[in-house]
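Trainee: Could we go through this protein together? I'd like to see how the numbers lead to the answers.

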Amino acid sequence: SRAWHLVARPHGWPAPTDFALRESPVEAPAEGRILVRNLHFSVDPYMRGRMNDVKSYVPPFELDRPMDGGAVGVVVASSAEGFAEGDHVLHGLGWREYADVPARHATKVDPEVAPLSTYLGVLGMPGLTAYAGLFETASFKEGDAVFVSGAAGAVGSQVGQLAKLKGASRVIGSAGSDEKVKWLVEELGFDAAFNYRNGPVKDQLREAAPDGIDVYFDNVGGEHLEAAISSLNVHGRATICGMIAQYNDTEPVPGPRNMALIIGKRLRLQGVLVGDHYGLQPRFVEEVGGWLRSGELKYRETSVEGIESGVDAFLGLLRGDNTGKMIVSLTR
Ligand code: NDP
């Protein structure tokens, strides 16, 4: 069985040579464990942080060990009560072909209810991040005008649609290509969207939201956050979810230059960590599952085939090769 190991800690942009695909034998699962053949695993922006040797809310990847992360697969051998061969499970040992998983860390999922990969995306961790970050952290309410950055990504594409479904007055998104912008407006029903590479974010946001915004969902940081602070209305709220524009920076970046606006406008900027919000999971699955079945909520996945492509998929995610959730599939 092959697994991707981190073999050097990247400085700045990760290089393919920071990773190695290594082979190890597959063994029968010990008591309380299951052996899973992974069918899909997730590559996520937060994994970049785990490649640095710094204390954070998730521990760093260890060097010369398999990396981990969200995955779904099929049980091929079980030494745990309640799990049988052929069951499908969601678990945390991705980046590898076969996973030896403690059964208490595995959740059964049903491929009849939704395609397995969606448990890593629209019905999984990124989906819950969108749901919690918008409805809890940002205290979204009907009539709010919402701006989301990283809008064509897994989290962002869901944030914009959830806001529309719950009665936003206007939803604006930004993304890194004209094709993505077109998808947001023509397929997902965003009221406006712009390509942040086409001009200053501040100007493009002003134009897209002449009456300002009430909520900003930040996936990007930097110039986007500064522009949003300028456009936020009195009592506006921002969910600070991610700052992908700076994950590969090697020097600290200057903060927004307009922080003083927070005072007069009584803004609230609040971070979100999806891990705090698993209590919402039942409500999330019911509500979002319903919108998926009715076709009111759309999603896209960018699927890369084969374990060999795992690192390329991750690097591609950081560059913006994906529309919707980036998935590595091992189904062939
Ligand atoms: P995405 O599917 O959005 O993929 C990442 C996207 O980021 C790329 O597709 C790319 O799209 C965009 N991007 C890359 N570099 C830049 C840049 N310099 N400026 C603007 N956009 C850039 O990933 P996720 O949906 O999984 O995650 C989105 C954000 O949410 C990330 O910041 C992530 O860290 C955060 N997150 C936070 C969680 C939490 O609990 N706080 C949980 C999950 C995710 P483009 O072509 O548009 O540039």
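Mentor: Sure, and we'll start with overall size. This is a predicted model, where local features need pLDDT of at least 70 and side-chain atom pairs count only at pLDDT 80 or more, while totals for chains, interfaces and linings use all residues. Residues are numbered from 1 along each chain as its sequence is written.

Trainee: What radius of gyration does the protein have, next to that of a compact globule?

Mentor: The radius is taken over C-alpha atoms, and the globule rule is 2.2 Å times the number of residues to the power 0.38. For 332 residues that rule gives a value near 20 Å, and the protein agrees with it, at 20 Å.

Trainee: Which residues of helix H4 are buried?

Mentor: Helices here are DSSP runs of H or I with at least four residues, strands are E runs of at least two, and both are numbered from the N terminus. Buried means 20 or more other C-beta atoms within 10 Å of a residue's own, exposed means 12 or fewer, and partly exposed is in between, with C-beta atoms placed from the backbone. In H4, residues 178-186, that picks out Lys180, Val181, Trp183 and Leu184.

Trainee: Why do those residues sit on the same side of H4?

Mentor: An α-helix has 3.6 residues a turn, so residues three or four places apart point the same way. The face turned away from the buried side of H4 carries exposed Glu179 and Glu186. The buried residues of H4 are on the same side because their arc, taken from the directions from the helix axis to the C-beta atoms, is only 160 degrees.

Trainee: Where does the ligand lie relative to domain 1 and domain 2?

Mentor: The domain bounds come from an automatic or database domain assignment. Domain 1 is 2-121 + 300-329 and domain 2 is 125-275. Both give residues to the shell around the ligand, so the ligand lies between them.

Trainee: Which element gives the most residues to that shell?

Mentor: There are 29 residues around the ligand, counted as near if the C-beta atom, placed from the backbone, lies within 6 Å. Helix H2 (125-137), H3 and helix H9 (310-319) each give two or more. With three residues, the top contributor is H3.

Trainee: Is Glu23 buried or exposed?

Mentor: Glu23 is in strand S2, residues 19-23. It has 8 C-beta neighbours inside 10 Å, so Glu23 counts as exposed.
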